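Work through the exercises below with the sequence and the structure in view. Try each task before reading its solution.

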Amino acid sequence: IHYYSNRIEELNDEISAKAKSHEMKPYASGFVTFANFEALTIADQIAQVNSPFQMKTRLAPEPDDVIWHNLRITYWERNMRRFVGIGVVVLLVVFY
């Protein structure tokens, strides 16, 4: 546990240094960790902003289940891919 705690601190320092040097571009998604389950439950259940599409909270998947390179996809690109996929399926159904 101590090894990983120290490793997390080292990685956080490295991330902060890269963010300050503008080597990193911001992502449309993020992960938040909590010290206890009560804080997690409260954060998951409260409304974050007035506009429902600005921020969605949900419990994070296991790290092995995350497709890490997809975190860079913007909101608009994600919707465009969704609509193109739906369009292709509709065209296949209609012309089949």
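A helix here is a DSSP run of H or I at least four residues long, and helices are numbered from the N terminus. The model used in these exercises is predicted.

**Exercise 1. Describe the fold of the protein chain in terms of its helices and strands.**

Solution. Start with the count: the protein chain has three helices and zero strands. Then give the order, which from the N terminus on is α-α-α.

**Exercise 2. Check whether the span of helix α1 agrees or disagrees with its number of residues.**

Solution. Helix α1 covers residues 2–20, which is 19 residues. The expected span is 1.5 Å times one less than the number of residues, so helix α1 should span 27 Å. Its end C-alpha atoms are 27 Å apart, and therefore the two values agree. Just after α1 comes histidine 22, with a positive phi of about 60°.

**Exercise 3. Find the salt bridges and say where their partners lie.**

Solution. There are two salt bridges to find. A pair qualifies if a side-chain nitrogen of Lys or Arg is within 4 Å of a carboxyl oxygen of Asp or Glu.

- Step 1. Between arginine 7 and glutamate 10 the closest N and O atoms are 3.5 Å apart, and the two residues form a salt bridge. Both lie in helix α1, three residues apart, about one turn of the helix.
- Step 2. Arginine 81 bridges to glutamate 77, with 3.0 Å between the closest N and O atoms. These two residues both belong to helix α3 and are four residues apart, again about one turn of the helix.
- Step 3. Partly exposed means a relative accessible area between 20% and 50%. Arginine 7 has 35%, so it is partly exposed. Glutamate 10 has 46% and is partly exposed too. Arginine 81, at 48%, counts as partly exposed, as does glutamate 77 at 33%.

**Exercise 4. Classify the aromatic pairs by the angle between their planes.**

Solution. The structure holds two aromatic pairs. In the pair of tyrosine 3 and tyrosine 4, the ring centres are 5.1 Å apart and the planes meet at 75°. Planes over 60 degrees apart count as edge-to-face, so this pair is edge-to-face. Tyrosine 75 and tryptophan 76 form an edge-to-face pair as well, with 5.1 Å centre to centre and 80° between the planes.

Now add the exposure of each partner. Tyrosine 3 and tyrosine 4 are both exposed. Tyrosine 75 has a relative accessible area of 37% and is partly exposed, whereas tryptophan 76 reaches 66% and counts as exposed.

**Exercise 5. Decide whether phenylalanine 95 is buried or exposed, and name the surface patch it helps to make.**

Solution. Phenylalanine 95 is located in helix α3, which covers residues 75–95. Its relative accessibility is 68%, so it counts as exposed. Together with Phe83, Ile86, Val90, Leu91 and Val94, Phe95 makes a nonpolar surface patch of about 660 Å². For the protein chain as a whole, about 9500 Å² is exposed, and carbon and sulfur atoms supply 60% of that area. Of its 96 residues, 5% count as buried.

**Exercise 6. Place asparagine 70 and give its C-alpha separation from serine 29.**

Solution. Asparagine 70 sits in the loop between α2 (37–45) and α3. At 30% relative accessibility, asparagine 70 is partly exposed. Asparagine 70 and serine 29 are 41 residues apart along the chain, and their C-alpha atoms are separated by 9.5 Å.

Terms used: Residues are numbered from 1 along each chain as its sequence is written. This is a predicted model: local features need pLDDT of at least 70, side-chain atom pairs count only at pLDDT 80 or more; totals for chains, interfaces and linings use all residues. Side-chain values use heavy atoms; hydrogens and water are left out. Patches are made of residues with over 30% relative accessible area and no salt bridge: like charges are joined within 9 Å, nonpolar side chains (Val, Leu, Ile, Met, Phe, Trp, Tyr) within 5 Å. Accessible areas come from the Shrake-Rupley method with a 1.4 Å probe; for residues, only the protein chains shown count as cover. Buried means under 20% relative accessible area, exposed over 50%, partly exposed in between (1.4 Å probe, protein chains only). Rings of Phe, Tyr and Trp (its six-membered ring) pair if their centres lie within 6.5 Å; planes under 30 degrees apart count as stacked, over 60 as edge-to-face and the rest as tilted.
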